[in-house]
Amino acid sequence: MRKLVIVIIASFAVHFLAIAQQGQNIPMDPEVRTGRLDNGLTYYIRHNELPEQRAEFYIAQRVGSILEEENQRGLAHFLEHMCFNGTKNFPGNTLIEQLESKGIKFGVNINAYTAIDETVYNLSNIPVTREGIIDTALLVLHDWSGFVSLNDKDIDQERGVIHEEWRTRHTADYRVMEKTYKNVFPDSRYAERMPIGLIEVIDNFPYQAIRDYYKKWYRPDLQAIIVVGDIDIDKVEEKIKILFADIPAPVAPAVRKYFEVPDNTDPIVSVVSDPELQQTGISISYKRDVCPVPQKNTTIYYSNMVLEYMVASMFNQRLYQVSEEPNPPFERASGGPGAFYSAKTKRAWKVNVSPRNNNDWEQALRTVLKENERMQRYGFTAMELERAKTNMLSRYESAYREREKQYNREYVQEYVRNFTDNEPSPGIGWEYKYVKDMLSNLTLDRVNMVAEALITDTNVVFAISGPENDNVTLPAKSDILAVWNKVKKADVKPYVEEELTTSLLEKKPIKGKITGTKQLSFGYTQWTLSNGVKVLIKATDYREDQVILSAYSPGGTSLVEDDDLPSAMVAGSLASLGGLGHLNQVDLGKILTGKRVSVSPFIGNLSEGIYGTASPKDFETLLQLTYLYFTQPRMDQDAFDTWESNTRVQLENVSLNPMISLRDTLNKILTGNNPRGRQFTPAMLDKVSYNKALSLYRERFSDAGDFTFFITGNVETDSIKEYVETYLGGLPSTMDKEKFIDRGIYPFKGIVKNHFGRQLETPKSSVSIIYTGEIPYTLKNIVLMDYVESVLNMVYTEKIREEKGGAYGVSVRGGIGKFPRERFSFRIEFDTAPSKRDTLVRIVYDEIRKILEEDPQDLDIQKVKEYMLKSYQEGLINNRYWVNIIGELIIKEVDVHSGYEEKVKSVTPSMVRKFATEIFSQGNVIEVSMNPKE
């Protein structure tokens with residue numbers, strides 16, 4: 001099931017370790033209805049009520065940029081854009097206009113992506129309160145399937161948009177990836193089929209070329225319609241059968257070929273560099289063939305998928321343990337199964353490692369190769385396997401408990417993978433039972449056989465990337481091979497681990513008592529504990545396996561003197577470096593095996609607190625960890641030394657990214673160049689004291705009496721009372737109440753302009769225009785700020801993106817803050833060609849002047865209104881929504897929930913104009929742009 005793959009190891013795709021047996025066939029989830037029309041179109045339909053009265057409408061295509069000929073490079077992605085620029089039943093921009101009038105927002109609910117081997121379009125979170133909306137959504141998919149207009153004028157207009165998308169995306173990471181693909185895919189079309197394509201093709205292809213591509217590849221035998229949501233399956237199936245029947249089956253269709261990736265006997269070594277890349281990275285892949293399609297729907301395939309993710313979890317635990325040793329050989333490393341880069345025809349065991357220093361590639365490479373050898377030669381231990389089995393079963397149990405609380409999009413992602421990759425989709429009921437039975441009979445020998453087969457002497461691919469400058473020396477191919485050959489012959493010892501205590505706390509705290517109870521708004525119950533701690537609890541059933549804990553206290557780094565500020569800024573991170581109580585980080589992770597719990601402390605500018613999540617079954621552990629973070633952060637000098645070394649390298653390398661220059665310039669202006677508002681620098685790192693940081697941390701968390709805890713999720717007050725009294729009631733307290741200090745970190749007033757040059761590999765101008773000022777923090781103003789943001793977002797999309805083709809997108813963000821003073825900021829940001837910068841900046845100001853002089857269009861206001869109301873309804877069934885709402889009420893003393901719908905519905909165009917006048921007429925404007933240095 002796709003969602004479980006994401007949960008287990010997000011960055012790895014499912015794959016198969018080919019073996020001879022067939023296994024039993026895996027059934028299709030009976031809750032989804034599938035079928036195939038006479039013209040070859042596949043469909044998936046599922047009824048699901050999370051969220052209620054919402055549905056997802058997708059069309060997935062087994063078509064991507066890999067199918068382009070050399071003179072078509074970029075047309076697959078270009079075609080994706082054109083699907084939003086006019087179809088048979090939605091000419092011009094009417095598709096976007098009609099959907100946005102129903103609260104369906106372009107870029108959020110209306111979107112698509114083009115990959116090398118697939119293209120997927122989506123209409124998400126569609127309100128299906130009326131039958132007509134379902135008909136409209138299906139008609140959109142119908143038109144995308146076979147009736148896109150592709151008018152000459154629309155094509156020419158979109159060339160500029162895609163040109164600017166190329167400019168925005170053409171970062172150091174992209175350039176490195178493009179070069180790497182050419183090296184690791186010799187004699188394969190995958191080497192040169194990145195979806196964005198070639199600029200010369202985008203700018204110059206003849207109109208007929210894209211029409212021919214569309215006709216050749218967009219056809220029903222390569223398409224699937226996926227509808228999941230609060231719908232009637234029978235009715236939707238009948239609509240699909242009728243509506244899509246007019247799409248003819250292809251006659252003598254072109255063969256949809258899947259391009260091979262050749263095997264290699266000798267290792268392939270790719271070494272690439274880029275002047276703007278910040279860090280050296282190394283990747284080792286061991287390629288192999290993918291599972292044949294007929295075998296992917298068997299239990300053999302599924303078993304090996306599970307086994308290889310278990311191998312990955314044990315392997316990564318070993319790498320993590322190495323990273324926690326004194327003076328570790330790398331900053332971070334991870335490994336696991338997945339696709340060989342983007343190829344559909346090859347899979348790989350892949351290990352990625354980042355050296356601690358850009359020149360320390362050899363030690364990092366040797367270490368991960370050694371761990372590969374250790375795994376292949378000796379496998380894993382019984383203790384490691386037991387932990388892996390426990391963690392795996394815990395994840396499946398969690399998914400099974402949540403089986404009635406899955407969101408529509410989670411099912412859609414699963415069915416997309418079933419169609420495009422032939423991944424089995426039996427449903428979590430089948431999966432949980434199968435994995436539970438499988439793990440109960442699993443032997444160490446079987447797991448180690450799988451691990452041994454992952455590492456091979458052929459089909460090995462090394463990919464190294466790093467900064468291109470005089471301070472970095474990247475290895476030659478011969479250097480890489482020398483290390484590889486040496487490790488293969490090295491005397492590698494088996495992995496050994498010590499027995500571990502099983503207790504998290506050495507002793508329980510002295511229990512406190514609940515001294516007061518009262519009911520608050522939004523269904524929260526407040527307990528006041530004997531130590532002054534306040535605990536607010538809301539029991540919900542939105543997620544079966546989720547409890548969220550957050551804690552807040554005013555103060556933060558604002559209470560720290562200037563000399564101690566560097567240590568205070570990193571104190572929250574340093575507190576968790578050494579582990580907790582008597583356990584270091586590695587042992588703490590082992591103790592938490594099988595538990596679904598996470599806790600993190602933080603110290604911000606104006607407050608400190610805790611954020612954690614857990615499964616209800618691990619609620620006590622959640623509070624135990626919280627108690628330990630308050631009372632027993634563990635000091636580990638070796639861990640700090642490693643952190644300091646890694647942080648220094650990161651801070652020194654970050655200057656290679658040109659966008660940091662823009663960030664730093666903006667930060668100085670937005671903080672009034674206040675020393676306390678500066679970004680963290682190597683000079684500040686020099687002033688960090690580990691002892692001082694932990695001392696400041698303990699000071700911030702030594703008095704729990706002014707903390708407020710919020711607990712939201714699947715809990716019962718009676719069942720958690722004992723835990724709350726023990727672990728939160730047992731926290732130290734002096735009953736003192738602190739307040740933050742306003743340190744005067746505010747933007748410069750008036751008009752501030754700064755246009756500067758920077759050496760750039762891809763010429764572009766990055767523009768930020770920011771309005772700042774004061775405004776009351778009220779529900780009304782928060783709602784009106786959202787209106788102004790959304791209206792201008794639509795206006796700039798139309799004027800700058802669509803009409804001028806000047807930018808891939810314009811980011812418009814408005815927000816109001818409560819502390820330390822009630823202030824707002826409104827940011828408009830975009831990337832563009834340097835020659836277009838001044839024109840687009842004028843458009844930004846012209847449209848702001850326009851909204852001050854005349855009311856926004858009624859249609860735009862209605863679109864925003866529908867979207868805000870739709871989003872509000874969706875938030876009501878989300879625990880995090882209520883965590884935010886209660887925090888606003890208790891901490892900021894503002895109710896941003898009650899009356900929200902009425903406020904949104906009551907907004908008129910004149911109210912939006914009046915509010916825009918309030919924020920845009922205060923005279924504080926920041927205009928900054930970073931441009932190519934001449």
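Here are four worked exercises on a predicted model.

**Exercise 1: Helix α4**

Task: Work out how the span of α4 compares with the expected value, and find which elements cover its buried residues.

Solution:
- Start with the length: α4 takes in residues 131-146, which makes 16 residues.
- Now the span. From first C-alpha to last, α4 reaches 23 Å, close to the 22 Å expected at 1.5 Å a residue.
- Next, burial. The buried residues of α4 are I133, I134, T136, A137, L138, V140, L141, H142, D143, W144 and S145.
- Finally, the cover: it includes β3 (54-61), α3 (94-100) and β5 (119-127), along with α8 (207-217), β6 (223-229) and α9 (233-243).

**Exercise 2: The nonpolar cores**

Task: Find the residues with the most contacts inside the largest nonpolar core, then see what I240 touches.

Solution:
- As background, nonpolar side chains tend to be buried together in soluble globular proteins.
- Here the largest nonpolar core has 78 residues, and F57, L123, W144, F185, I225, I231 and I240 have the most contacts inside it.
- The helix from Exercise 1 turns up again: α4 gives the most to this core, with seven residues.
- Zoom in on I240. Skipping neighbours within four places in sequence, I240 is in contact with L37, Y43, I45, L138, I225, V227 and A245.
- Don't stop there: a second, separate core has 58 residues, among them A807, V844, I861 and I885.

**Exercise 3: Strand β6 and its partners**

Task: Decide how β6 is covered and which way its partner strands β2 and β3 run.

Solution:
- Burial comes out simply: seven of the seven residues of β6 are buried.
- Sort the residues by direction. Q223, I225, V227 and G229 point one way, while A224, I226 and V228 point the other. That fits the general pattern, because side chains in a regular strand alternate between the two faces of the sheet.
- Now the partners: β2 (residues 42-47) runs parallel to β6 through six bridges, whereas β3 runs antiparallel to β6 through seven.
- Check G229 in β6: H47 stands opposite this residue, and G229 is also the bridge partner of A55.

**Exercise 4: Aromatic rings**

Task: Classify the F826 and F920 pair, then look for charges over rings.

Solution:
- The total is 37 aromatic pairs.
- For F826 and F920, the centres are 5.1 Å apart and the planes meet at 85 degrees; the pair is edge-to-face because that angle is over 60.
- Place the rings: F826 is in strand β22 (residues 823-832) and F920 in helix α31 (residues 909-920), 94 residues apart. Both are buried.
- W144 belongs to an aromatic cluster with F84, F106, Y121, Y214 and Y218.
- As for charges, K538 lies over the face of W882 at 4.7 Å from the ring centre, and R821 over that of Y746 at 4.2 Å.

Definitions and conventions:
Residues numbered from 1 in each chain as written. Predicted model: local features only at pLDDT ≥ 70, side-chain atom pairs only at ≥ 80, totals over all residues. Heavy atoms only, no water. Helix = DSSP H or I, 4+ residues; strand = E, 2+ residues; numbered from the N terminus. Expected span 1.5 Å × (residues − 1). Buried < 20%, exposed > 50% of the residue type's maximum accessible area, 1.4 Å probe, protein only. Contact = heavy atoms within 4.5 Å. Core = buried A, V, L, I, M, F, W, Y, C linked by side-chain atoms within 4.5 Å. Phe/Tyr/Trp six-rings, centres within 6.5 Å; stacked < 30°, edge-to-face > 60°. Lys NZ or Arg CZ within 6 Å of the ring centre and 35° of its normal. Pairing = 2+ DSSP bridges.
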